[in-house]
Each structure stands twice: as C-alpha cells, then as structure tokens.
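Please explain how this structure is put together, going from a single helix to a whole chain and then to the places where elements and chains meet.

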Amino acid sequence: MQAVPTFKPTEPIWRVRLQLLGRGLKSSWAMFAESKIGLTGLGIIIFFALFGALWPIYPWLMEHIAWTPEELEAARNAPYGAISSIYQVYDPVVGYDPLIPGIENPTPPSRRHPLGTNQYGRDILAQLMASTGSEFMLGVLAAVITVVIGTLIGAITAYYGGFVDTFFMRLADVFILFPLVSFLIVLGSMIELTLIKLAFVLGILYGFGQITVILKSQALAVKVKPYIEAAKVAGGGHFHVIFRHIIPNLLPLSFLYMMFNVTGAIFSEAALSFFGLLPGIKVSWGIMIDSAHSGGYILGGRSFQNWWLWVPPGVAITLLCSAFYLVGRGLDEVVNPRLRKR
Amino acid sequence: MKWSTRACARGEIVTTLTYPVLQVENLTMHYTTRKGAVKAVENVSFSLDKGEALGLVGESGCGKTSVALTLLRLLPENAQFLGGHVYFFRDGSDEAHARRAVGKPVKILADGQEHQGRLLELGRSELVLEAHVNGRTQPVRLSRDRIARLGVDLTALSDEEMRPIRWKGISMIFQAAMNSLNPVYKVGDQIIEAIQTHMPISIPEARERVERLFQLVGLDRQLMDRYPHEYSGGMKQRAVIAMALACDPDIIIADEPTTALDVIVQDKILREMRQIQKKLNMSMIYISHDIAVIAEVADTVGVMYAGGLVEFGPSEAIFKSPIHPYTKALMSAFPSIKGEKVKLAALPGEPPDLLKPPSGCRFHPRCPFATEICEREVPQFLEHKPKHYAACWNPLA
Amino acid sequence: MNRLWQFLTSGMSKFIIMRLLQIILVLYLYMTLVFIILEAQPGDITDIYTANPKITPEAREAIIKQLGLDKPIHQRYFEYLKNFVTGHLGCSFKWGNISPTPDPICREQRPTWDLIKERLPRTLVLFLTYTIVSFYIGFFLGKLIAWRRGAVIEYLSTVIGVTLFTVFTPWFALLLVWIFAVNLGVVPIGGFINPDSWTNIRQVGSVDCSIGISCSNVVFNHMLLWLGGLTLLWGIVYLWSRRLPYAWQRRAVRWGALAVGLILAGSFFGGGWLGEVDRVVLARDTKFQFFVWELEFPAGTIPLYPLVLDFVQHMALPILTLTLISFAGTMLLMRNTMLETMREDYVIAAKAKGLPDDVVRDKHAARNALLPVVTSLIFAIAFSVDGGVFTETIFSWPGMGQLLLLSALEQDYPVAIGALVFTGIFALVAHLVADILYAFLDPRIRYD
C-alpha cells in the first residue's frame with residue numbers, strides 16, 4: 001500500500017498573508033486615488049511632512065543661499081550677541097539675528113528671513129518648520145492610542161455583549177459628551193502637560209468615545225458572519241477569534257476614524273498652547289499665534305502690516321487639520337461602498 | 001373604437017368595445033455611465049387598450065423597468081432619450097387634455113382613421129394639425145366632434161407639463177413597495193397628498209376617499225393613521241396599490257408587484273389585483289421576470305430581451321404557440337402541471353452586456369436556431385400571425 | 001384631558017421619559033469621573049478648594065467641614081455629590097463678594113454658584129441663537145446644493161465647507177474681529193456692554209444699579225426670557241398648527257403667532273419700564289457708530305430698547321463667528337445625506353405622484369436627509385461648547401466659557417471645576433433636547 005502523501009505548502013503562511021495584504025492594499029489605493037478629495041488631503045500631508053523634514057537643513061540652506069559672506073562676517077563679529085553658528089540664528093526658541101537691532105523686530109519677510117521675524121527676533125519660517133514635527137507626532141500618537149483603545153474595546157464589547165456591552169456604551173456616552181477642550185483646559189491648569197502626556201490624555205478621551213460605538217457596531221456586523229462560527233467550530237479560542245478575525249475587519253474603519261482624530265488632536269494642542277496652558281512645549285503653531293496676540297500685534301493698530309506674525313501659523317493649522325479630514329473623507333469612500341460614485 | 005376579441009390567460013374569451021390608451025412607437029433610450037453608453041431600450045413598440053392587462057416579461061436587466069420609467073419620464077439624470085413616441089390617449093372631448101397638447105406632436109383617431117402630426121390650433125369646433133402627407137407638410141383640419149381619441153406624445157412634454165399626467169393619467173406601483181412609502185409620514189397622509197395634488201377636494205373628503213380605497217384593497221381603515229414601519233410586507237403592497245388607484249388613473253404600471261413577498265401572499269395579492277382591474281376596467285401594464293405571474297394576470301404579453309421587444313401578442317398565443325426561440329425557452333423553464341413531462345431546458349450563456357450588445361439580433365449567441373443573418377442584421381418586428389408580432393429571422397412554427 | 005392622557009401614553013412621551021432617566025445616569029457617571037480625576041491630582045483635595053491665602057483659617061475650616069473634605073474618601077464622594085445637588089460648589093479664590101448679603105461660608109469670596117448663575121444666561125443666549133441660525137443655514141444650503149447638482153457648486157461648497165469646518169477657531173475669531181471691529185468698525189471689539197451707556201441709569205425695576213453690573217444682568221435676563229419663552233411658545237403653536245387641514249390656515253397661524261410675539265416683545269422693551277434714570281445715552285463704542293442718541297424720559301421710566309440694542313451690537317460678531325464655523329459642518333453633511341436620500345425609491349415615487357419639484361425636495365428628500373444630520377449634531381454638541389469657550393474669550397464675552405478659561409488660567413480651582421461640571425450638564429441637556437427632536441422627526445424610534 002502506498003504511503004499517504006503529506007501535503008507540503010509551498011509557501012510559508014506568513015508570506016502568503018503578506019501577499020494578500022499587499023494586493024488588498026493595492027486595490028484600496030486604486031479606489032482611494034479616484035477621489036480627488038482624498039488625494040488633495042494626502043498631497044497636503046506629504047507637503048507638510050517634507051516641510052517638517054526640511055527643518056534640520058534649513059539653517060544650513062539659508063547660510064549658503066540667503067546670507068552673503070559679508071553678512072556672515074558681520075554676524076560673527078557683532079558687538080552684542082555674536083554668533084558662532086548659523087543655527088543660533090534660526091533657533092525657534094531662542095534664535096535672533098545679530099544684524100537686526102532688537103527694536104526693529106518684528107521685521108517683514110526678507111531675503112534672510114523668508115517669513116520675517118517675530119517681536120523677539122525669531123525667524124518665523126524656522127518656528128513653523130520646527131513645530132511641524134511635533135504636531136505630526138502628537139496627532140499620530142494620539143490617534144494611534146485612540147485606535148488601539150477603540151478597536152480593542154469595540155471588539156471585546158461586541159464579542160462578549162451583556163454587562164460589558166452596557167457598561168462601555170454608557171461610558172462612551174459620557175465621553176462623547178465631554179467638552180474636550182474645556183476639560184483639557186482645566187486639566188492643564190492643574191498639572192503640567194507635556195506633548196506626550198497630552199497625546200495620552202487625548203488618546204484616552206477619544207478612544208473611549210465615539211470611535212468605540214462605531215467600531216462596536218461594525219464588530220457586531222462581523223461577529224454574525226459565517227466564518228466566525230467556522231473559526232469557533234474549528235476550535236478557535238476567544239482571543240483567537242477576536243484578534244485574528246474580528247479586529248482585522250475593524251482596521252479599515254479604525255484607520256478612517258484615526259484621520260478625524262488627528263484633526264482633533266492638532267486642534268486641541270493648538271488651542272491649549274494658544275491659551276498658554278502648555279508650558280511644557282516650547283514652540284508650536286498655537287504658541288506662535290499666542291505670542292502675536294499677546295504682543296498686541298493682531299488687534300493693535302497696524303495689524304495688517306504684521307500679517308506674517310499670525311497668518312502663517314493659523315493657515316498651517318487649518319491646512320493640516322483639513323488635510324487629515326480630507327484624507328478621512330477620501331478613505332470613507334473606500335471603506336463605505338455605498339458612498340462610491342456610480 | 002374597435003371590437004376586440006381577446007383570449008385571456010385563463011381561457012376566457014372576451015369581446016369588448018375597446019379603444020387605445022397608449023401607443024408606444026420605437027422607444028430608444030441609453031444610460032450614460034463612466035464606462036460608456038448602456039443601450040438599455042432599443043426600438044420598443046407596443047400598444048395598450050382600455051381594460052387590457054399587458055404583461056412585460058423578461059430577465060432582470062432586460063429593460064422592462066426602464067421602459068416604464070420612460071413612460072412616466074422618471075428617468076435618472078444619466079439617462080438619454082434617443083427617439084420614439086409615447087402617445088397617451090384620452091377621449092376627444094377631454095378639453096384639458098387637448099389644450100395641453102397644443103404645439104406638441106399628437107395622434108388623432110377620427111372616423112376610423114389615424115392622423116399624426118403637430119397640433120397647431122385648437123378651436124371650439126375644429127382643430128388644425130400639421131401633418132406630413134406624401135413627403136410634404138400640410139395643415140389638416142378636423143372637426144372636433146368626429147374625434148374619438150386624441151393622443152399626445154409624452155416624450156415631447158416638459159417636466160412641468162408632465163405633472164398633471166403623472167398619477168392622474170398614468171400611475172405606478174414600484175418594485176419593492178416597502179421603499180416607495182416615505183417612512184416619516186403616515187400612510188394615509190401620503191395618499192391624501194397624491195389626491196390633493198390632482199383633485200381640488202377638501203381633506204375630509206380625501207380621507208373618505210382613502211377609506212374607500214383601503215376597503216377596496218382589503219386594508220383596515222384605521223391603518224390610515226399608521227406609519228409604514230408598522231405595516232407588514234403584504235399590507236404595504238396593498239397600501240401602494242391603493243395609492244396607485246387614488247386618482248382614478250387611466251393606466252397603472254405595476255413593476256414587479258409581488259417580488260418581495262412570500263409565495264402565499266404573492267398569490268393572494270395577484271388575484272386581488274386582477275379582480276380590481278377587472279372590476280374597474282383598468283388598463284394595466286404588469287412587469288415581471290416571473291412568467292408564472294404574467295401567466296396569471298395578463299391578457300397580452302410582451303417578451304423583452306436585452307432591451308428589445310422580441311415577441312408580442314395575446315397571452316394564449318404566446319403560451320401555446322410562441323414564435324421567438326427565447327419565448328419558447330422561457331416556456332420550457334416553466335413546468336406545466338397538466339402537460340406531459342418535459343425536460344426543463346435551461347438557456348445556455350448569460351444575458352449580454354448592454355454596453356457592447358451583440359450585433360444583429362441580440363439573442364443570437366444563445367439561440368439554438370441562430371443562422372448567419374441573425375448575426376448580421378437586426379430582425380424586424382413583424383406580424384407573423386394575426387395580432388402576434390415577433391422579431392426573428394427564424395421564427396418557430 | 002383625554003388628549004393629555006393620549007400624549008402621556010404615546011410612544012413619544014415614553015421615549016422622553018426613558019431618555020431622561022438615561023441622562024440622569026450619564027450625569028452621575030460624569031460627575032463620578034470628574035471626582036476621580038480630582039482625586040487623582042497630586043496634592044491634597046483640601047488644597048484644591050481652600051488654598052487661597054485670602055481665606056481666613058476659620059473660613060477654611062468651615063469650607064472643609066461644609067464640603068466634607070476632611071472625611072474619608074467614600075464619604076467625601078457622597079458629600080461631593082450632595083453638594084452639587086444642593087448647589088454649593090466651593091468659593092472662588094479670585095472673585096470677591098459683591099452681593100450685599102455675603103454667603104455665610106465664603107464670606108469675602110464669591111460663591112462659585114453665584115458666578116455660574118450670573119454667567120450662564122449669557123452663554124445660553126449665544127448658544128441658542130447661533131445653534132438655530134447655523135443649523136438652519138447649513139440645512140438650507142446643503143439641501144439646495146444637493147438638489148441642483150453642478151460641478152462648480154459642489155467643488156466650491158466642499159472647499160469652503162471644509163475650510164470653515166477645520167479652521168482654527170481662536171485664529172478665525174481674531175481674524176473676524178480684525179476685519180469687522182478694527183478695520184470696518186461696525187461692531188465693538190469685545191465685551192458685553194458699553195458701561196458708558198449704563199452710567200446714567202440709577203435703578204431698573206427694583207434693582208439698584210450702583211452695584212456692579214447687576215442692572216445689565218436684569219435686562220439681559222429679561223431678554224433671554226423673552227427670547228426663550230417666545231421661541232417655546234411659537235414652537236407649541238407650530239406643533240398645534242400641524243393639525244389644521246389647509247396649508248393657508250397653517251401659514252396664517254404661524255406667521256400670525258410670530259407677529260403677535262414680536263409685537264408683545266416690542267411693547268415690553270419699547271415701552272417704559274419702572275426705574276429711575278436721568279438720561280439714557282447709548283455711547284460710542286465702534287468706529288462708525290450707527291446710533292448714538294440721548295433721550296429724555298419722564299421720571300420713573302426707562303425704555304429698554306436702547307439697552308437691548310447695546311447688547312445686540314455686542315452679540316453680533318460672536319454670533320457671526322460661531323455661525324460661520326458651525327454651519328459648514330451641517331451643510332456638508334446635509335449635502336451628502338441628501339444625495340443618498342435622493343436616490344431612494346420614495347423620492348422617485350413622490351415625483352411620480354406629480355408633486356412639484358420643490359415639494360419633492362423639501363417634504364420628502366430633505367425631511368429624511370435631516371435625520372442623520374440631527375444625529376451628527378448630537379455628537380457635535382461637545383465641539384460647539386468648546387467653540388463657545390474660545391469665542392467668548394476672544395470677544396471678552398463674560399459667559400460660562402470665559403469663566404472656565406479665566407479660572408483655569410488663574411488656578412481658581414473651585415470655579416474651574418464647577419464650570420467644568422456645569423459645562424458637562426449643559427452639554428447633557430443639549431443632548432437630551434437633540435434626542436427628543438430626533439424622536440419627533442423619526443417615528444421609527446419611538447417606543448410604540
């Protein structure tokens with residue numbers, strides 16, 4: 001009698017999974033690329049990412065493009081506040097230009113300072129660039145935390161149901177109603193918030209709120225699908241079903257809502273720094289607007305002449321927030337087949 | 001006016017004095033999509049008499065619903081009307097109807113003769129038609145009291161001009177009735193809305209009318225003040241039928257009236273619809289993909305395939321001796337309880353993609369009798385037997 | 001009587017009662033959450049409520065006793081809850097007492113509740129007005145844009161909508177102040193009233209005007225009362241008029257009620273009211289003041305309308321700002337839901353019935369598209385409340401939002417926490433109203 005041939009898979013299963021993932025991503029990308037809205041948003045995000053990435057070489061760039069050798073000489077030998085490196089000029093927190101006397105600040109856009117300087121002599125463009133990184137990091141960190149919490153809780157409540165379900169849903173009700181920024185304002189007055197702490201708080205507050213409700217209903221829809229039954233019959237334990245089956249199906253939706261959360265996170269940070277409640281952060285767009293405002297440059301008499309102080313940061317915040325929102329809307333069409341055009 | 005002897009599906013033979021209410025000629029329509037033009041309706045022609053029940057049967061996607069929507073001019077934005085006429089007839093003495101037709105293409109039946117042209121003038125005792133006779137355009141004068149039927153071409157009316165005809169002239173029972181009732185308003189109110197748009201009666205009178213309609217379709221009066229989500233499927237269907245009857249229309253189009261229901265309710269509703277139709281002597285167009293339904297209710301049957309009408313005739317003739325191979329195939333798929341045991345033959349292949357329909361006769365790829373000419377030329381819609389039309393190069397029998 | 005019983009047992013009222021109970025539960029959870037967060041702060045909770053150097057040690061003891069801050073945690077929890085229910089929320093560190101009868105516990109400091117009571121009506125007026133206006137504009141525009149499709153309009157509305165929706169609120173508020181107040185000068189830069197307009201008024205009704213701005217509060221509260229009361233009454237008339245059979249009757253009743261309401265309000269605010277005044281002057285507050293007038297009135301009466309106008313001109317810009325920010329979200333959402341609803345069968349059926357185009361659009365499509373929009377409004381309430389905080393601060397509008405922010409900046413904890421809890425309650429009530437509105441609009445979710 002012949003031996004029963006054993007079946008050898010030709011590919012390791014992880015590679016197969018990766019290939020399937022790749023294919024899925026490619027078709028999702030094709031769909032996403034069809035929506036102009038999503039592409040616009042993505043374009044803006046990429047622009048800002050590049051913008052922020054440019055920050056480390058910006059002073060070096062300026063040194064070689066914008067400054068003439070005579071100016072560099074003069075700066076190095078200035079009577080007060082001579083500089084030893086160009087990085088001192090463009091430092092967003094303590095930078096100053098030795099060739100510009102203090103009282104002349106703020107100065108309008110010029111060759112050496114493409115967006116001018118603020119009332120303390122800091123280069124505006126440098127500040128804008130330097131903050132981009134922290135804005136991104138904050139937004140993404142908060143959003144990731146939110147998604148992790150929301151997905152886990154959504155999946156678990158849908159899977160177990162009963163008391164767990166009711167408890168988390170009532171909790172979500174409370175969190176949805178939370179006037180978020182108001183709460184952060186009070187919190188910020190009590191404890192010192194740094195960027196990381198803020199990201200965590202935002203992540204938790206968002207995570208237990210609306211996203212849980214939405215992911216839970218999605219998880220419920222997944223739970224009743226036949227392959228879940230099949231997995232259970234095949235002997236999958238609770239964790240296996242939740243992590244291997246339910247959660248992967250929640251991920252597209254989570255990713256979508258992550259976009260909206262990034263918007264909220266950036267907005268909250270800007271608002272808090274505008275009101276001066278984030279002493280742990282040295283420079284951000286919100287702080288830039290705040291210093292312009294408290295210096296009286298916005299509502300004072302000659303505000304239009306000082307537009308470079310407050311217009312760029314406001315525009316930056318608005319653009320980045322709307323970029324993530326647009327990407328979210330574009331993703332919406334991928335995730336929600338109903339919204340696709342004919 | 002003519003005498004018509006019809007053999008109906010149930011074997012009844014009816015001789016009535018009848019006159020046309022609808023004449024559709026060469027209706028052609030496309031949908032414009034991103035991938036191209038979907039040729040949904042191609043050269044469809046048929047007519048409907050008073051009191052007649054016409055059944056349009058065909059596979060899903062063959063264009064039956066598109067034809068119905070074209071009649072009422074309810075097509076979506078991406079639909080393009082490419083030609084044809086839809087003459088909606090009313091009595092010659094109907095003043096409002098005649099006045100609406102001024103300046104539009106009309107068809108007039110007078111003294112047993114048919115006149116076609118554009119209505120130029122409408123006087124009290126006579127009207128003037130601009131007709132094409134022998135290749136020349138000339139005015140034709142007709143005395144109004146000799147006119148039996150006046151039909152206006154609906155395709156030439158603007159949306160605003162269609163409004164009085166919608167529901168009062170032609171009403172429709174939509175596919176999946178549950179969705180044609182607005183969920184936030186009471187059912188009775190929605191019917192009253194239809195009534196009040198076309199008839200100047202007060203609300204109490206309208207309510208009374210709705211009550212009588214509900215009685216006619218077999219619904220409890222008190223359901224008038226309930227919301228659609230409180231109705232069952234069958235109840236919703238009846239409500240929608242009542243709504244379609246609300247303004248005493250000349251024609252009712254019933255698009256898949258029972259598809260969403262279970263079989264028992266289906267049977268009941270079909271029978272009741274047939275009863276109501278006979279009682280009120282209504283002209284109806286039934287649309288269904290289910291040939292059993294059509295067999296139950298239709299006096300005349302039109303078989304559609306891939307956007308075209310392939311066969312048209314009295315239902316007894318269609319069922320007993322079909323001319324077009326497709327019709328025969330449909331019959332073969334429908335088992336007969338009484339007849340001999342025949343092997344059910346499923347048609348090979350699939351309905352064609354209407355973006356790029358087959359050349360010539362659209363059925364030729366699946367037709368067991370297809371010949372070379374079928375692929376080259378579109379067959380003409382000819383009267384092969386009395387009152388029995390088909391479009392086929394190789395007709396059966 | 002029978003009608004009342006019918007209403008009480010209808011699905012609608014059952015829904016309202018259920019929601020009320022749920023709201024109470026949620027409120028309880030919210031307060032517990034705030035309590036937990038308070039407890040989690042480094043430092044003693046007694047410090048949070050009493051660390052003000054201005055409070056005498058005896059007063060501090062009294063506060064500690066009254067608020068139960070010296071007891072173990074579970075007892076403190078109950079005291080905390082009880083205090084909120086009875087209305088004693090601690091004493092402000094910053095604000096001094098202004099009433100002739102000082103609170104026995106707070107002595108020279110102003111009780112938190114007092115502050116909140118004074119400021120709540122102002123926020124309420126802003127919130128109500130701009131919510132209604134922005135919702136209606138968003139609804140109207142969204143409905144129109146979806147109905148008449150056109151590539152240019154859709155593109156424009158998306159761009160403008162998304163921009164306004166995501167714009168950074170304080171920055172935008174500053175921008176508008178700069179445009180309208182500083183440059184164009186049509187509205188005052190900020191504030192609530194122009195004190196100069198009120199200096200000559202000695203007494204309004206029975207309230208003595210020499211104490212702070214209590215007179216303006218009285219007038220303002222009356223304004224709020226009339227605004228709220230008239231809206232409510234008109235709403236009831238509107239609901240009642242739905243039973244009338246003819247459209248012209250309904251229209252007549254509604255417009256008539258509006259006219260009557262306006263006449264009543266006009267006569268109240270336009271006529272004389274008890275008080276004492278030398279002269280009423282509406283002082284110059286903006287670059288191009290439209291009206292400055294000096295009026296002589298017989299002794300013993302004050303017309304209220306110049307004072308009301310003072311409020312109104314200060315309210316104009318904040319409401320404009322808030323409306324601009326909020327309507328975009330509603331408009332975009334309405335447009336999207338309307339596009340989906342337009343494809344529904346009952347819209348085609350409505351057209352098939354021969355109804356005029358605008359009736360199909362409004363009565364059938366828009367009415368159903370409204371439902372998801374109202375739902376989203378529920379989620380957006382928290383966002384609106386936040387927006388209010390920013391706007392009030394920028395415009396120096398002395399409402400709840402500004403209270404929250406100022407007290408947080410000054411580390412006046414009792415007030416900050418009290419304001420936070422109240423903001424939460426405010427949001428909860430708004431949530432309840434929105435839920436009831438939704439049940440009213442959608443018969444499917446009532447408990448029949």
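**From one helix to a chain contact**

In helix H9 of chain A, the residues A:Ile211, A:Thr212, A:Val213, A:Leu215, A:Lys216, A:Gln218 and A:Ala219 are buried, where buried means that 20 or more other C-beta atoms, placed from the backbone, lie within 10 Å of a residue's own, exposed means 12 or fewer, and partly exposed lies in between. This is a predicted model, in which local features need pLDDT of at least 70 and side-chain atom pairs count only at pLDDT 80 or more, while totals for chains, interfaces and linings use all residues. Residues are numbered from 1 along each chain as its sequence is written, and chains are lettered from A and ligands numbered from 1 in the order in which they are written.

Helices (H or I, at least four residues) and strands (E, at least two) are DSSP runs, numbered from the N terminus. The buried residues of H9(A) pack against helices H5 (124–160), H6 (162–177), H8 (195–207) and H11 (238–274) of chain A, a contact being a pair of residues whose C-beta atoms, placed from the backbone, lie within 7 Å. Elsewhere in chain A, A:Ser27 sits in helix H1 (residues 13–34) and is exposed, because 10 other C-beta atoms lie within 10 Å.

Chain B has 11 helices and 18 strands. Its radius of gyration is 22 Å, close to the 21 Å that the globule rule gives for 397 residues, so chain B is as compact as a globular protein of that length; the radius is taken over C-alpha atoms, and the rule is 2.2 Å times the number of residues to the power 0.38. Of the 397 residues of chain B, 45% count as buried.

In chain C, helix H6 (residues 112–147) and helix H15 (residues 400–409) pack at an angle of about 130 degrees, with their axes 7 Å apart. That makes H6(C) oblique to H15(C), since angles under 35 degrees count as roughly parallel, over 145 as roughly antiparallel, 65 to 115 as roughly perpendicular and the rest as oblique. From H6(C), C:Leu115, C:Ile116, C:Arg119, C:Leu120 and C:Thr123 meet C:Met400, C:Gly401 and C:Leu403 of H15(C).

Chains A and C also touch, in a contact that takes 38 residues from chain A and 38 residues from chain C. On the side of chain A that touches chain C, the largest share, 9 residues, comes from H7(A).

Notes
Axes are lines fitted to C-alpha atoms, for helices over the stretch in contact, and angles run from 0 to 180 degrees between N-to-C directions. Two residues are in contact if their C-beta atoms, placed from the backbone, lie within 7 Å.
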